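Thanks for making time for this. I would like to walk you through one chain this morning, and I will ask you to keep the structure open while I talk.

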Amino acid sequence: MTAVLITGVGGQDGALLARHLLNLGYEVIGTTRGDPAVPLSNLARLGIADGVSVKQLDGTDRAQWRDVLDEAQPLHIYALGAQSSVARSFVTPATSMGDARAFALLIEETRGSDVRILNATSGDCFGEADADHPITEATPFAPRSPYAIAKVAQAQLARVARAAEGRFVANAFLFNHESPLRPDGFVTRKIVDTARAIAAGADARLELGDVDVVRDWGWAPDYVDAMHRQLTHREPLDLVIATGRSVPLWHFVERVFDSLGLDWHAHVDTGRFPRRPEDIRTHHADPSAAARHLGWTASHDVDAVALAMATGSGC
């Protein structure tokens, strides 16, 4: 049985990936920054808490990396552990830089082995992109947040390890992807939770900032499938993982409220929060390379994602 290590196994992607790999017959070991004896809610929600061996790891500590790697002896590593909030990265940029250091230590501590590594990085590495020039794997990096700067550093470290040492280290440039497991600090959860409360009779209003920002929203279970395909591909590739369809935020809001029988205009106040000066306003992606190399395409577009989030189904 192939042993797989997932850093950040308690997060949305880590938990969904763990379930996907368990269903495929892998032995799954996961890491968490917190106490591994404390049950991880996402693993419990998916019914896999007993199937994953969880270990504590501060990724900035070399000795802890050595202990985890020596004990787990993984053949595949999915580097998912990170502070994933772009907004929070402006407040605590050192945390994002710590995530980059953690990935550098992983590269160092696996040098000389045959382990395969999938680095879960971000579409934010590339900055703005309009519909006429969607982001591809060849698009130059243009990070606009501490979060994206750290992700660029990780992606470049992966490329250097691959080019200089011939190692199997692949970058998955993941665009926005959602599920009911998304933490409540994210805007999609805020939208869904407020809309569901209103539908249940609560006297509430949803306050949002700029609803004209454009994003490519996908379905998180699709994206963990893409990561597994990428790591088990015959060669290490950097790939854009996205749906290929981008819409304004108000479109997502409208679809969520529509699915609950509500008119979003009657319940939403917009423009209540100032834009961050370096926020990405428009994001378009071209995932055709993933389709060509992996046979992967997204099963959910933004409308299906909004419906699944609003109803809490399909996860």
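I will go from the sheet to the helices on it, then to the nonpolar cores, and finally to the salt bridges.

Please keep in mind throughout that this is a predicted model, and that everything I quote is computed from it.

Let me begin with the sheet. Seven strands make up an open sheet, and reading across it the order is β3-β2-β1-β4-β5-β6-β11, with parallel pairing. The edge positions belong to β3, residues 52-56, and to β11, and because each of these has a single partner strand, one side of each is left without a neighbour in the sheet. From one strand to the next, the twist averages 20 degrees.

Within that sheet I want to dwell on β1. Strand β1, residues 3-7, pairs with β2, residues 27-32, in the parallel sense over five bridges, and on its other pairing, with β4, the strands again run parallel and are joined by four bridges. If you want residue-level landmarks, Val4 has Val28 of β2 as its bridge partner, Thr7 stands opposite Thr31 in β2, and Ile6 stands opposite Tyr78 in β4.

How much of β1 is buried? Five of its five residues are, so the strand is largely enclosed by the rest of the structure. The side chains divide by direction, with Ala3, Leu5 and Thr7 pointing one way and Val4 and Ile6 pointing the other way, and all of them are buried.

Now to the helices on the sheet. Together, β1, α1 and β2 make a β-α-β unit, and the unit is right-handed. Helix α1, residues 12-23, packs on the sheet and touches β1, β2, β3, β4 and β6, with a direction that makes about 170 degrees with that of β1. Helix α3 lies across β1, β2, β3 and β4, and runs at about 155 degrees to β1.

That brings me to the nonpolar cores. Which residues have the most contacts inside the largest core? This core has 48 residues, and the ones in question are Ile6, Ala18, Leu21, Leu43, Tyr78, Met227 and Ile241. The elements that give two or more residues to it are β1, α1, β5, α6, β6, α8, β11 and α10, and α8, residues 220-231, gives the most, with six residues.

Ile6 is a useful place to stand, and once its neighbours within four places in sequence are set aside, its contacts include Gly14, Leu17, Ala18 and Leu21, and also Val28, Tyr78 and Leu80. There is also a second, separate core of 25 residues, which includes Leu249, Phe257, Val268 and Ala308.

Finally, the charged pairs. The count of salt bridges comes to 20, and I will pick out three.

The side chains of Glu108 and Arg62 meet at 2.8 Å, N to O. Glu108 lies in helix α5 and Arg62 in helix α3, so this pair ties together parts that are 46 residues apart in sequence. Glu108 is partly exposed at 36% relative accessibility, and Arg62 is partly exposed at 29%.

Next, Glu128 and Arg144 form a salt bridge at 3.1 Å, N to O. Both residues sit in the loop between β5 and α6, 16 residues apart. Glu128, at 35% relative accessibility, counts as partly exposed, as does Arg144 at 25%. Asp279, which is placed in the loop between β13 and α10, touches Glu128, Arg144 and Arg215, not counting residues up to four places away in sequence. Is Asp279 buried or exposed? Its relative accessible area is 14%, and since the cut-off for buried is under 20%, Asp279 counts as buried.

The third pair is Asp303 with Arg245, at 3.2 Å, N to O. Asp303 belongs to helix α11, while Arg245 is in the loop between β11 and β12, 58 residues apart. Asp303 is partly exposed, with a relative accessible area of 26%, and Arg245 is partly exposed at 30%. This pair is part of a network of salt bridges that links Arg245, Glu254, Arg255, Asp301 and Asp303.

I will stop there, and I am happy to go back to any of these places on the screen.

Terms used:
Residues are numbered from 1 along each chain as its sequence is written. This is a predicted model: local features need pLDDT of at least 70, side-chain atom pairs count only at pLDDT 80 or more; totals for chains, interfaces and linings use all residues. Side-chain values use heavy atoms; hydrogens and water are left out. A salt bridge is a side-chain nitrogen of Lys or Arg within 4 Å of a carboxyl oxygen of Asp or Glu. Buried means under 20% relative accessible area, exposed over 50%, partly exposed in between (1.4 Å probe, protein chains only). Two strands pair if DSSP finds at least two bridges between them. Axes are lines fitted to C-alpha atoms, for helices over the stretch in contact, and angles run from 0 to 180 degrees between N-to-C directions. Contact means heavy atoms within 4.5 Å. A crossover is right-handed if, with the strands pointing away from the viewer, the path from the first strand over the helix to the second runs clockwise. A nonpolar core is a set of buried Ala, Val, Leu, Ile, Met, Phe, Trp, Tyr and Cys residues joined through side-chain atoms within 4.5 Å.
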